[in-house]
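Dear colleague,

I am handing over the structure below and would be grateful if you could look through it alongside my notes.

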Amino acid sequence: MARPYVCLLALAAVLLLGIATVSRSKGLRGKEHRRAPRIPSQFSQEERVAMKEALKVFPTVFKTSFIRHEAVGEYSHLFTVQGSDPSLQPYMLLAHIDVVPAPDEGWDVPPFSGLESDGFIYGRGTLDNKNSLMAILQALELLLIRNYIPQRSFFIALGHDEEVSGVNGAQKISALLQARGIQLAFIVDEGSFLLDGFIPNLQKPFAMVAVSEKGAINLMLQVNMTPGHSSAPPKETSIGILAAAVSRLEQTPMPNMFGGGPLKMALQQLANEFPFPANIVLSNLWLFQPLVSRLMERNYITNALVRTTTALTMFNAGVKVNVIPPVAQATINFRIHPAQTVQEVLKLAKDIVADDRIQFHVLNAFDPLPVSPSDDQALGYQLLRQTIQSVFPEVNIVAPGTCIGNTDSRHYTNLTTGIYRFNPIYLQPQSFSSIHGINEKISVQAYETQVKFIFEFIQNADADPRPVPHLHEL
């Protein structure tokens with residue numbers, strides 16, 4: 001689920017002449033970069049079968065002389081792909097190897113079988129996030145066997161512990177690159193999709209590129225009491241006190257923070273895609289912002305975009321049926337809206353609980369990530385936009401957004417200010433519920449398209465799609 005772009009070109013000749021037009025064929029610092037002939041993203045039937053069935057070990061990637069592979073933190077992997085033009089700032093593609101647990105119960109096929117059924121590949125991680133891991137390596141393998149040599153260097157970082165905070169994988173890779181003095185133009189990670197059916201009354205899918213990411217708090221609430229026999233119970237037990245506290249947290253949502261940032265920008269871009277009167281409302285948020293704010297709360301997905309969410313995820317208490325429990329513990333997972341901080345959310349939570357018998361223990365926490373640029377001069381964002389429009393011509397809107405989950409990308413803010421989260425596959429609400437849920441799956445066609453996307457993106461990154469400013473004599 002990366003990162004500075006230098007938006008100024010070295011225009012010495014322009015400054016000498018006083019007026020000039022910079023050719024769009026020039027890259028960073030005004031240097032011309034001759035592009036190799038483009039390799040079409042067309043794959044043979046044999047290659048398409050290999051994508052879904054062989055899941056091979058990508059022999060060309062590992063034997064190519066300009067690719068360096070390193071194991072980091074024992075189980076994570078870092079690939080350095082050396083480009084031919086050292087003047088181009090490198091970028092990085094992220095994915096993670098690990099997945100959350102998946103019990104066999106409820107699945108149509110065993111969750112770690114990788115079986116194909118009715119055009120879908122089933123298995124834990126098919127959407128989060130082995131699809132990205134495999135597609136990145138598969139796309140690079142296909143490029144290399146076509147004799148591709150990149151101009152712009154790039155890294156591939158595959159973390160092994162993203163689902164448990166990434167401290168032994170992504171964090172160590174980030175520290176290693178920082179020690180080597182690496183600064184990146186941008187990073188692309190998981191975290192958003194081509195969204196279809198998530199916003200009521202929006203008939204067409206759109207691409208949301210997450211330019212920020214929520215923060216998080218894992219907060220344990222604890223109540224201690226003197227144990228006793230259940231035949232003579234106190235007025236309140238530790239379980240009752242704690243249950244009332246977490247109920248207050250669930251019944252008292254954090255404040256609605258809608259009013260600016262990537263979400264407002266996205267809705268304004270999407271306004272014309274809505275039927276009347278929603279198009280008028282979204283085109284005039286200066287007037288209708290309170291109404292839109294309330295409407296966003298009605299859908300569980302859009303509600304997560306406008307506020308810090310509160311999820312009770314663990315509850316532990318009791319030792320025996322006839323014993324008053326001495327301790328009760330509950331763990332709350334807060335996902336912090338970009339307009340708030342850890343300390344602000346903790347204060348709100350304490351005010352809502354309002355019970356001195358409840359102990360607060362912060363297990364871990366981090367603030368929301370900064371918002372990455374999405375303007376015309378944001379190289380990573382514009383490369384994603386260009387590739388989306390090529391691979392998904394039916395998608396009219398590419399909009400910035402916020403990732404409501406947490407990704408490995410937060411460990412790389414020391415390497416770049418351009419962190420973008422986008423998974424190039426269509427996602428519907430029913431598919432979203434399968435992530436960390438039951439019957440997680442990806443269609444064979446969607447996976448092939450994801451390979452195609454990365455195949456084109458890597459080639460697009462050798463050029464600079466940003467509009468070059470014209471300088472005029474004042």
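What follows is a description of one sheet and its helices, and then of some aromatic and charged side chains.

Please keep in mind that this is a predicted model. It contains an open, antiparallel sheet of four strands, ordered β12-β14-β10-β15. The edges are taken by β12 (309–317) and β15 (359–366), each of which has a single partner strand, so one side of each is left without a neighbour in the sheet. On average, and with direction ignored, neighbouring strands of this sheet are turned by 20° against each other. Between β12 and β14 (residues 327–336), which run antiparallel, there are eight bridges, and threonine 309 stands opposite arginine 335 in β14.

Two helices lie across strands of this sheet: α6 (residues 238–251) lies across β10, β12 and β14, running at about 15° to β14, while α11 (residues 342–353) lies across β10, β14 and β15, running at about 155° to β15.

Turning to the side chains, the model has 12 aromatic pairs. In one of them, the ring centres of phenylalanine 186 and phenylalanine 457 are 6.1 Å apart and the planes stand at 90°, so the pair is edge-to-face. This pair links distant parts of the chain, 271 residues apart, with phenylalanine 186 in the loop between α5 and β7 and phenylalanine 457 in helix α14. Phenylalanine 186 is buried at 0% relative accessibility, and phenylalanine 457 is buried at 2%. Both belong to a cluster linked by ring pairs, whose members include Tyr91, Phe154 and Phe392.

Finally, lysine 350 lies over the face of phenylalanine 360, at 5.7 Å from the ring centre, and lysine 441 lies over that of phenylalanine 120, at 4.6 Å.

With best wishes

Methods. Residues numbered from 1 in each chain as written. Predicted model: local features only at pLDDT ≥ 70, side-chain atom pairs only at ≥ 80, totals over all residues. Heavy atoms only, no water. Pairing = 2+ DSSP bridges. Axes fitted to C-alpha atoms, helices over the stretch in contact; angles between N-to-C directions. Contact = heavy atoms within 4.5 Å. Phe/Tyr/Trp six-rings, centres within 6.5 Å; stacked < 30°, edge-to-face > 60°. Buried < 20%, exposed > 50% of the residue type's maximum accessible area, 1.4 Å probe, protein only. Lys NZ or Arg CZ within 6 Å of the ring centre and 35° of its normal.
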